[in-house]
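Biologist: Hi! Could you walk me through this one? I'd like to pick your brain on a few spots.

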Amino acid sequence: MPRLRSLCRGLALGAGAVLALAGPALAQKSVTIVREVDSNNYDPHKSTARAASEALFMLADTLVSLDYDMATIRPGLATSWAVSDDKKTYTFKLRDDVTFCDGKKMTADDVVYSFKRWLDPATRSPVRWRAGPVDDIVAVDPTTVEYRLKAPFSEMLYQLTQSFAVVVDKSDVEKLGPDFGVKGLNGTGPFCWVDWKPRNEMRMKKNAAYRWGPPIYDNKGPAQVDEIVWKIAPEDNTRLAAIMTGQSQITQYVPYSGMAPIRANRTVKLVESKEAFWTYFIGFKIDKEGVNDPEVRKAMVMAVDQAAIAKNLFFGEVNPAYSYISQDALDWNRKVDAELIRTNVAEANRILDAAGWARGADGFRTKDGRKLSPLLYSFTGSTWQKLSEAVQGDLRKIGVDMRVQLFDATAAWGKMATQEFDAFGMSYPYISAGDALNLYFRSANIPTPNRMNFKEAKVDRLLDAGMTATTDADRAAAYGEVLEDVHRQALWIPLYHEPMKIAVSAKLAPIKAHNNYGCGLYKGLDIRYVQ
Amino acid sequence: MSAALAPEAPPRARPRKAPRDVLAIAMAVLFGLIVLAAVFAPLLAPLDPYETTPQPFLSPFWGETANAAYPLGTDGQGRDMLSRLLYGTRLTLLIGLASIAIGGVVGIAVGLLAAFYSRLDGVLMRLADIVLSFPSILLGLAFAAVMGPGAPAIVTALAIATIPEIARVTRGSACTVMSQDYVVAGRSLGLRDWDLLTRYVALNCLSAVFVFLTIRFGQVILVAAALSFLGLGARPPAAELGTMASQGRDALFFAPWIATLPCIVIVAIVLAANVLGDALRDRLDPRLRNA
């Protein structure tokens, strides 16, 4: 058996390595990062893909940066900021030593242009809401920007740490037109755009003038490697092979089955972050027959064994989730901890019996001649295939016949914008409770991303209150109440929180994993060779 | 044919085809067993193939973590591998059979019409050329995109991919038959087209088509498994050999049986179908039979 095992491993590694990443030997100061998917573009205002953010954090900068704790705001391009008493005006003081990759000096006008482009209806940015209820943004002088809001926006500074809020160069945007973020992007980041071959690789080179990195890094100067090459390897085993054979130095997309081999391998280290700000869940469309009954939803949530899923499907590398956001996230309501629905198959069966859903001859439940067989839509690929089968298996134990239909990512988003399904499988990153709740539970966000069709005036009001809160305590109280409400209604089956795990070659110095939008390397300023 | 008609041919030594026959019989037995196992899967399967248990990755009986309740181990969801293999074989064979049956019937009809009515020949064969220019996998991908992944999409794609090939073989065979004296005789007797087609032409070219269908069956199983492997096949939790192999891929490093066992069954089915096809051709093809 061990021989067979090593043969399989050898074959898989060999095949993967030869197929995917055969290329010229890497220069010592070049780092190759493999990842699973590419973005459709790298225009900060036009993509919500994590793949885009990963590159944008390195190519450009934000006014403020986010600390590793995901809660503390640190300086970025702005050295300081002041918030007016009514919390409607943010005044940012900018550094005056910042230059773009082409050598041009960055001024307040560039900042204003970037934000206005983000807000411009013509840009049709899917993340426009993240900029808040803007009244106007003005450049007071070359190093001062005033960000004026119509109403307080408690998430403001957190949203400004996201890759959507990076500063771009007006002349570059105008010169490239529709090719902006496709053929180039002139940013102020620690790395500069070299070229991008979609679905293949993106190259970026060190910005030698860079001195304005976030204070969370010990390195106060430019990046410590000359070049970063982002390569795409959709196949799990190919990425594993690449990192284990040294063809790639970093990947945060390690298949869970590969964690054990990586831990046993001395040439690769696994960097892990305890915090997990990426959550996998199944949401119910709560106006569809069957799942419109809160008791049915509660029983279904109760039937799912998250601990077994985390242990058996993901080798114990993920954290079983009973809450809709990480309990470490900003503004999580500790009161909800005790109310979270835990796995209890016997109780789930009792709830369904009491609710009048009787088991038929086939073991599945019916009520008034209707069978309890909700239809789940989700994505193809091993993760959702495994997850949906596991949930399906758990639900069989309480007599629920969940039907599963998985779609390729190109079709899935469209399918999940329809009203055809009863439940949907999804995963998402967030910075805070407010970030997550405003996205999914606002009635204005029906049909997507509020695919639950969840509409509650009280929740909308609380979300507004949280968003416009002027103190941290008010904001936490408002969001805390929403958290209580949505968890009590069993709108989702939370599955697991995914902690950041990055495989890094032992030839590189240790790096610290960040969780900002799931981009573990953030600015990449701590990437350097030690061997 | 020429050997049979040549009276002066020297008497041959006893033909040495025994080993081939043995292989064919062995494969026939294997194939029969696989089909029986698939047909009686609900009776033979020791456990519910969909029942998940908290015991994933148990090894088969020869491994370190074997458990007598699961003779071939369990998969990543703790489901019994033996039961899933039986049900998987059933679904895989069913997909193959349905594709071949639909593709075969339509293909034979198209081939016969093309051979019989020369006016239709050009149109039908060009249509066949068009379909032939799409690889089966691509057709499968297209149908899965339109119909949604699942067995019906695969069967449709494979049936359509089978039609032109069968039509070609049938047409070739039928054209030869059409030039035979008995067909000319039938025509001069004033037989209707339908009788001529069904009683004279069709029956005389069926053997060649049947051989081709048997060999095609192996190919269809392979393509169906490949499509399922790509995630376009059976929907979860249905057991299908290609899907099972695909799911086992993640665990290849430490639980290789999850991917390899379904692959072994696929190889066995395809090998048996191909050897049987060859043997059938040997039996049915008069040229080879009399050699």
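**A chat about the model**

Modeller: Happy to. Let's begin with Ser59(B), which sits in the loop between helix 3 (41–44) and helix 4 of chain B. Keep in mind that this is a predicted model.

Biologist: Is Ser59(B) buried or exposed?

Modeller: Ser59(B) counts as buried, because its relative accessibility is 3%, and the cut-off for buried is under 20%.

Biologist: Which backbone nitrogen lies 3.2 Å from a polar atom of the Ser59(B) side chain?

Modeller: That is the backbone nitrogen of Ala66(B). Ala66(B) also turns up among the residues in contact with Ser59(B) once neighbours within four places in sequence are left aside. The others in that list are Glu64(B), Thr65(B), Asn67(B), Tyr70(B), Gly73(B) and Trp257(B).

Biologist: Nice. Where in chain B is confidence lowest, and where is it highest?

Modeller: The low end is helix 1 (residues 2–5) of chain B, with a mean pLDDT of 44, and the high end is helix 4 (residues 81–116) of chain B, at 95. Over residues 1–10 of chain B the pLDDT is below 50, and that stretch has 2 contacts in the model beyond near neighbours in sequence. Where pLDDT is low, the predicted coordinates should not be read in detail.

Biologist: And what does chain B average?

Modeller: Chain B averages a pLDDT of 86, with 91% of the residues scoring at least 70. For the model, ipTM is 0.71 and pTM is 0.80.

Biologist: Switching to chain A: where is Asp526(A)?

Modeller: Asp526(A) is in the segment after strand 22 (501–505) of chain A.

Biologist: What is the nearest side chain of opposite charge to Asp526(A)?

Modeller: That's Arg528(A), 8.5 Å away; Asp526(A) is buried and has no salt bridge. A polar atom of the Asp526(A) side chain does lie 3.3 Å from the backbone nitrogen of Lys512(A). Leaving aside neighbours within four places in sequence, the residues in contact with Asp526(A) include Lys512(A), Tyr68(A), Tyr217(A) and Gln224(A). Pro510(A) and Ile511(A) are in contact with Asp526(A) too.

Biologist: Last topic: in what order do strands 15, 16 and 17 of chain A form their sheet?

Modeller: The order is 15-16-17, in an open sheet with antiparallel pairing. Strand 15 (358–359) and strand 17 (370–371) of chain A are at the edges with a single partner strand each, so one side of each has no neighbour in the sheet.

Biologist: How many bridges join strand 15 and strand 16 of chain A?

Modeller: Strand 15 and strand 16 (residues 365–367) of chain A pair over 2 bridges, in the antiparallel sense. Arg359(A) has Arg365(A), in strand 16 of chain A, as its bridge partner.

Key
Residues are numbered from 1 along each chain as its sequence is written. Chains are lettered from A and ligands numbered from 1 in the order in which they are written. This is a predicted model: local features need pLDDT of at least 70, side-chain atom pairs count only at pLDDT 80 or more; totals for chains, interfaces and linings use all residues. Side-chain values use heavy atoms; hydrogens and water are left out. Two strands pair if DSSP finds at least two bridges between them. Helices (H or I, at least four residues) and strands (E, at least two) are DSSP runs, numbered from the N terminus. Buried means under 20% relative accessible area, exposed over 50%, partly exposed in between (1.4 Å probe, protein chains only). Lys and Arg count as positive and Asp and Glu as negative; His and the chain ends are not counted. A salt bridge is a side-chain nitrogen of Lys or Arg within 4 Å of a carboxyl oxygen of Asp or Glu. A polar contact is a pair of N or O atoms within 3.5 Å; within protein, one must be able to donate a hydrogen and the other to accept it, and residues adjacent in sequence count only if both atoms are side-chain atoms. Contact means heavy atoms within 4.5 Å. pLDDT is the predictor's confidence in each residue, from 0 to 100.
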